[in-house]
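Grab a coffee and work through these exercises with the model open beside you. Try each task before you read its solution.

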Amino acid sequence: MNASALSAPQRLLLALIDHAFEEGWRKAEDFLQYFPPAEIIASLAAEEDVRVKLLTSTTGMHERLARRKSAGSATDDLQLALEEKTTTPSEVIGLYPTAVQVSCLPNDKLWQFLVAVPFWTHKEPKEARQRAVERLAFTIEAALDHRILTYRELFDGIGFDEIAKALPKSELEQIVVRALEGGRTQAGLTEEVLLDVVPLRTVIQYLDLASIWQRVVLPGIAVPAGFTTATSALHPQQAAAPAAQATAQATQPGARPKLETLPGDELFEVDSAAHDSPLKAVRERLKAIERCPRSEDLPLAVLASIESMYEDFKQADDDDERVEVMREAFPNETFLRIGVLSLIDLLDPSINIEDPTIRTAEIDALIKIVLFEERKRRPGSRPPSLPPPPPPTDTRKARSLAPPPRKKSQAPQAPDGETEIEVF
């Protein structure tokens, strides 16, 4: 997105957002409270290259798969990356250019994000007020540069009487001198000339910031630019209430997640508030396609990866592509192994996934079992034989190439003198 293609209000908004981040008035975490992953992904419907780069950089998935992602699946992947801390809000914002933000997101909501903290009310300490003066002056100067606000509107809003009362004698003397000099050359004392003599920041620091906000910024900048309505400008507290409520809800601490150690000594977070969490939503979607693992203890990361895998299976033409999809759907080898074992347990419950031979088998062999079971379920497909058994990873404990261990089933009592038979 080229900034030159933006409208004047959008270019102003771009400048204000960049300034707010550079000066620390707003942070990436604040942005994601106002614009969660679902809204970010939805906003990029017409910006495919930006969406693909965002997904590949934050989740590690292949570009080809990222381009095929549905909005729902892409949202889950980005949300998962943030939850598992494989990416950060700062990285997300860095991959979402400001020019794209202002062209794709609601400008009024971006304005609410910018002004959620009423900086113009800062009076103490001195350092905080000075920062507020600088930000207010930057806002007004940017509006003047982009022709949203005129000099006449600025000074009509402040009032010449207020300026004359507020400015110290030394500043007023400079203005009088310039006015007299201009009179000799037929150059009047205009608003632009006044600000050339006394910079806007100097003028503002002697005035009431809240008054300038109410009399200049809201009616002269926010309303004409379409960032807010005249009603909201007259009643800013009411307008800010929904945004403040959303922020409070987003930052409200939830139930402490349950921690569970899974194979590989990796620590995963399992959402204990499953009744209203992404965990329940993912499980419901997997149940709808009959691929929800039987274990209730799997972390969201694994379940979301399984869902993503089956979504991408729709575009895979053969088993080689399906293997690639399976590997790229999971963020690391541990997640992949846990996910594949849980699918084996679901697709063929007779296989005992707790058996060490299965749990320590080569991942390629486990993947083949899943693909074999999926082929069996395809319409008109009947595989002729079982897949080869997964070899143990430790050759010192190698066993005979028997079929995968299966759970024992009840067998009839063996006759006297004969050994009891195990059914696999």
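**Exercise 1. Find which residues of helix α19 are buried, and work out how they are arranged around the axis.**

Step 1. Helix α19 covers residues 278-288, and its buried residues are Leu279, Val282, Arg283 and Leu286. Buried means under 20% relative accessible area, exposed means over 50%, and partly exposed is in between (1.4 Å probe, protein chains only). Helices (H or I, at least four residues) and strands (E, at least two) are DSSP runs numbered from the N terminus.

Step 2. Look down the axis of α19: the buried residues fall within an arc of 100 degrees, so they line one face of the helix. That arc is taken from the directions running from the helix axis to the C-beta atoms. An α-helix has 3.6 residues a turn, so residues three or four places apart point the same way.

Before going on, two ground rules. This is a predicted model, where local features need pLDDT of at least 70, side-chain atom pairs count only at pLDDT 80 or more, and totals for chains, interfaces and linings use all residues. Residues are numbered from 1 along each chain as its sequence is written, and side-chain values use heavy atoms, with hydrogens and water left out.

**Exercise 2. Describe the backbone and surroundings of Glu290 and Lys85.**

Step 1. Glu290 comes just after α19 and has a positive phi of about 60 degrees. Its place is the loop between α19 and α20 (300-313). With a relative accessible area of 63%, Glu290 is exposed.

Step 2. Lys85 also has a positive phi, near 60 degrees, and is not a glycine. You'll find Lys85 in the loop between α6 (71-83) and α7 (89-94), where it is exposed at 66% relative accessible area.

Step 3. Here's the background: most residues other than glycine have a negative phi.

**Exercise 3. Check the length of helix α10, then list what covers its buried residues.**

Step 1. Helix α10 has 20 residues (126-145). The expected span is 1.5 Å times one less than the number of residues. That gives 28 Å, and the end C-alpha atoms are 28 Å apart, so the two agree.

Step 2. The buried residues of α10 include Arg129, Val133, Leu136, Ile140 and Leu144. Among the elements that cover the buried residues are α1 (8-22), α9 (107-114), α11 (151-158), α15 (200-205) and α16 (209-222).

Step 3. Zoom in on Ile140. Leaving aside neighbours within four places in sequence, Ile140 is in contact (heavy atoms within 4.5 Å) with Leu149, Leu154, Leu200, Ile204, Ile212, Val216, Val217 and Ile221.

Step 4. Just past the helix, Arg147 has a positive phi, near 60 degrees.

**Exercise 4. Which residues touch the most other members of the largest nonpolar core?**

Step 1. A nonpolar core is a set of buried Ala, Val, Leu, Ile, Met, Phe, Trp, Tyr and Cys residues joined through side-chain atoms within 4.5 Å.

Step 2. The largest one has 74 residues, and Phe31, Ile140 and Leu154 touch the most other members. A second, separate core of 38 residues includes Met309, Tyr310, Phe335 and Ile338.

**Exercise 5. Compare the settings of Leu110 and Arg327.**

Step 1. Leu110 sits in helix α9 and is buried, with a relative accessible area of 0%. Beyond four places in sequence, Leu110 touches Leu13, Ile17, Phe31, Phe35, Gln101, Val102 and Leu105. The C-alpha atoms of Leu110 and Tyr34 are 8.4 Å apart, although 76 residues separate them along the chain.

Step 2. Arg327 belongs to helix α21 (residues 319-329) and is partly exposed, at 33%. Leaving out neighbours within four places, Arg327 contacts Glu333, Leu336, Ile363, Asp364 and Ile367.

**Exercise 6. How confident is the predictor in the protein chain?**

Step 1. pLDDT is the predictor's confidence in each residue, from 0 to 100. Its mean over the protein chain is 80, and 77% of the residues reach 70 or more.

Step 2. Over residues 394-403 the pLDDT is below 50, and this stretch has 8 contacts beyond near neighbours in sequence. Residues 417-424 also stay under 50, with 10 contacts beyond four places in sequence.
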